[in-house]
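The following account leads the reader through one structure, from its sheets to its ligand shell and a pair of helices. Please keep the sequence and the coordinates at hand while reading.

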Amino acid sequence: MQATYLKDYLPPAYRVTHTELTFDLAPSATRVKARLHMERHPDREPDDKETGLPLELAGGELELIRIAIDGQTLEPGEFEVGDGKLTVATVPERFLLDTEVEIDPDANTALEGLYRSNGMFCTQCEPEGFRRITYYPDRPDVMATFSTTVIGDRDSLPVLLSNGNPVEKGELPNNRHFVTWEDPHPKPSYLFALVAGSLEKVEDHYTTMSGRDVLLQIWVEPENLDKTEHAMASLKRSMQWDEETYGREYDLDRFMIVAVNDFNMGAMENKGLNIFNSAAVLTHPQTANDATFQRVEGIVAHEYFHNWSGNRVTCRDWFQLSLKEGFTVFRDQTFSADVNSAAVKRIEDVSFFRTAQFAEDAGPTAHPVRPDHYIEISNFYTLTIYEKGAELVRMLRHLLGWEDFRRGSDLYFERFDGQAVTIEDFVACMAEVSGLDLEQFLRWYSQAGTPEVDAHGEYDYANCEYRLRLSQRTPATPGQTGKLPLHIPVRMGLVGTKSGHDLTLTLDGEKRGKDAVIHLREAEQTFVFTDVEEAPVPSLLRGFSAPVKLRYPYSREELAFLLTHDSDGFNRWDAGQRLTMLALDDLIAAHRNGVEKVMDVRLVEAYRSLLNEPGDDKAVLAEMLTLPSEAYIAEQQPMVDVDAIHAAREFVRQSLAWQLRDDFLAIYRDNLSDEPYAPTPEQIASRRLKNVALAYLMSIEDDEAIGLTQQQLERGANMTDVRAALTLLAHSDRTDLAEPALKAFGEKWAHDPLVMDQWFTIQVTRPQADVLDRVRFLMGHPLFSMKNPNKVRALIGAFAQNRVNFHRLDGEGYKLLADVVIELNRLNPEIAARIITPLTRWQRFDEQRQALMKAELERIRAEKLSPNVYEMVERALA
Ligand code: HT7
Ligand code: ZN
């Protein structure tokens, strides 16, 4: 299968200035007429003036009915169809192209292009789905205005939506009707959207900063009308935040969101008509937990922010994907930090990043934030493009300071409005407004892998100097050896061991305050701080100021000191994580060597002080009390021993619970509340703290805790508390408690697909050894469907995260996943290529597991594969 290379980029031979589409909708035979106003691109000179440049349009799964140029129907022989494209050898400089195709939405299980979900027609065009709707130059640097007429059955499809504003509607013979939509903003085809179905709406209004009224609509199936309030409130908050923070105003008269059940990702930012996975938009206190409320808020914001970072200014080609995704994730992260607890948001984002993106960067599918080649671009909607891309934008914000960063962003939007541009264009705006040289910084975009920074500090009592030596190295990644040093901003402080306070930082004779950013640019660099009056403990990489692995040989005493004295909340949390990791390392070694496990008393004492002097930030306290996940611990080990990690973590959990039982109980009781549910930061923090404490107590099957958990479940105050309690019961060894609770929950919520997704997940993430049979059993449940990505994620995806069970030594976990990948490869290649990820990480395990995982990858490789799965398997086995 052929790869596409960044170095081969050429502008399109022909561009489209205006696109007219007519859809005559029918479930298995939809007719699409397209009229494209086309002209030769001024930057593409033909090699031969006589014949000009051929016209090539992308297309797949289309049945061509007719093609005409300037009204003249082309005869077979005057054009060619094959290999995913339609070619016309000679065309005029400027012309009208008419095509008519037939497509089959019902047969479209890949959920790319036009498909049906629960009887509703909907589209997903990013990255290359539009070519499954009509023949088109389906690439982001072709931007056109669109006029779309949607025709459908009046009874089954009363609602007909597309991008922009409705300009005409009317009745047609045979009980059909139509609506015509016009989108005045030029856009690439990946932002096209169409929805038709029997939907109902919730409406609101927003007045923009210049006083324009915008109609806001959320369209859902009738039974979900009571689950839209939070998304609507989140949308209005996002619109206001983007005006206040980035000066960006919405630019159409209406903004619509539609919820669909079958969707490959979270949501899609189509111009004026965002399409959302129902799991990413619907909430109700009884059906969604706090994490879902916060996720919905973040995704609504993300898609809305794309209106500028992605839609008004888009990507020149798909190699630039992080231009829109990295910047938009950075924007949504900052938004969520502003409207919730900023410290907790950063802790959550970084712990996820260090677990999942670091693993990606260290594995066989590692790639730069701007990749230089791909076989299937859908495989590159990755944590590297999204989350690492956001970290790079965050570093730019730190390097420039907020004011210059905002000026750079203003310049970028102004200069490139309505254009398709590159990452260099973005960084150049930042360099221009700040005068900074960002040449070395650009390496972050082209170099894959996580840099490792080693730090060593020495205090010179005689001269009151602190010498900090930093060195950096980025390990080789597939296809990229010889890495160059990066420009790494290290935010830091020196905490005095006597005073317990941050000391003033004097570097090169210049006073830099108590918290400063030093710039590591060389492979090795020493920073000499003068006038340091007491021996300090360094607090490095505050707020995770760069996406690197920082190693400093902290003693446990130094970490306990930072845990209480660091002025940076993020680094206080990080010191706790490092301290816990040291204890876990000893216990993992003890387990492997068959030696008795002994709990580190210093860790118990550190937790005791946290519980006894809780401070006033409950949200941060809950994070501090949360042990690193098994996945994070695994990421820190040279070779992953799933059983030792599980045993060591359980040992720490239970030891803390035994020794601090009364403190946890007090925390639980202090955070009980009768207040009606609201997704406010205060309430969320309180519920989280309460449920973290309950989880410790349930780990030792404390009788009182069992009673409290059952009460919490029966009370059913909200899904946060219910789900937490149900999970604790279902994951305990007490089958007598687990089974009736699961049964009752399953019966109560059988009508609600999103709640049933949670029910599936809770069952397949149990640590007990019978889980694999349960997964197989649940795959036969009437509500499970391989065609619904949410169900696949809830059952199979969640099982693959159940480390002790997925990595069973008999290889049955791997086999199950491989069977699913093979089936999905046929039904939905995008999902197949995502769900395969845990198998691609075989290098991290012992020889026996490696062999089992590779055997399953080979079994998949022997199938007739989609480009998506082919690329993943080839990279995994390379
Ligand atoms: N920009 C959107 C990406 C997306 C997508 C990508 C591949 C396959 C299906 C997809 N659905 C949506 C989502 C976003 O980042 O906002
Ligand atoms: Zn996005």
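In what order do the 3 strands of the antiparallel open sheet stand? In this predicted model, the order is E4-E8-E7, and the sheet they form is open with antiparallel pairing. Strand E4 (55-58) and strand E7 (80-82) occupy the edges; each has a single partner strand, so one side of each is left without a neighbour in the sheet. From one strand to the next, the twist averages 15°. The pairing of E7 with strand E8 (residues 85-88) is antiparallel and consists of 3 bridges. Within this pairing, Val-81 has Leu-86 of E8 as its bridge partner.

A second open sheet contains 8 strands, in the order E6-E5-E9-E3-E2-E12-E15-E14, and its pairing is mixed. Here the edges are taken by E6 and strand E14 (165-172); each has a single partner strand, and therefore one side of each is left without a neighbour in the sheet. The pairings of E9, E3, E2 and E12 can be followed in turn along this order. Strand E9 (residues 94-103) is joined to E3 in the antiparallel sense by 10 bridges, and Met-38 finds its bridge partner in Phe-95 of E9. Strand E3 (residues 30-40) in turn runs antiparallel to strand E2 (residues 14-24), again with 10 bridges between E3 and E2. A hairpin of 5 residues provides the connection from E2 to E3, and Asp-24 is the bridge partner of Arg-31 in E3. The pairing of E2 with strand E12 (residues 144-153), by contrast, is parallel and comprises 7 bridges. In that pairing, Thr-22 stands opposite Thr-149 of E12.

Two backbone features in loops deserve attention. Most residues other than glycine have a negative phi, and most peptide bonds are trans. Asp-70, although not a glycine, has a positive phi of about 50°; Asp-70 is placed in the loop between strand E5 (63-69) and strand E6 (72-73). The peptide bond between Glu-126 and Pro-127 is cis, with omega about -5°. Pro-127 belongs to the loop that lies between strand E11 (120-124) and E12.

Glu-126 also leads to the ligand, being one of the closest residues in the shell of 15 that surrounds ligand 1. The other closest residues are Asn-264, Met-265, Met-268 and Tyr-381. Two or more residues of the shell come from each of strand E20 (267-268) and helix H2 (290-305). Divided by class, the shell has 5 nonpolar, 5 polar and 5 charged residues. Why is ligand 1 said to lie between domain 1 (4-305) and domain 2 (314-446)? Both domains give residues to the shell, so ligand 1 lies between them.

The last part of the account concerns helix packing. Two packed helices are described by the angle between their axes and the distance between the axes. For helix H15 (residues 661-670) and helix H16 (residues 681-699), the axes come within 8 Å and cross at roughly 145°. This crossing of H15 and H16 is left-handed. On the H15 side, the contact is made by Arg-661, Phe-664, Leu-665, Ile-667 and Tyr-668. H16 contributes Leu-689, Lys-690, Ala-693, Leu-694, Tyr-696 and Leu-697. By class, the residues of this contact comprise 9 nonpolar, no polar and 2 charged.

Notes: Residues numbered from 1 in each chain as written. Chains lettered and ligands numbered in written order. Predicted model: local features only at pLDDT ≥ 70, side-chain atom pairs only at ≥ 80, totals over all residues. Pairing = 2+ DSSP bridges. Helix = DSSP H or I, 4+ residues; strand = E, 2+ residues; numbered from the N terminus. Near = placed C-beta within 6 Å. Nonpolar A, V, L, I, M, F, W, Y, C, P; charged D, E, K, R; others polar. Domains from an automatic or database assignment. Axes fitted to C-alpha atoms, helices over the stretch in contact; angles between N-to-C directions. Left-handed = near helix turned anticlockwise from the far one by under 90°. Contact = placed C-beta atoms within 7 Å.
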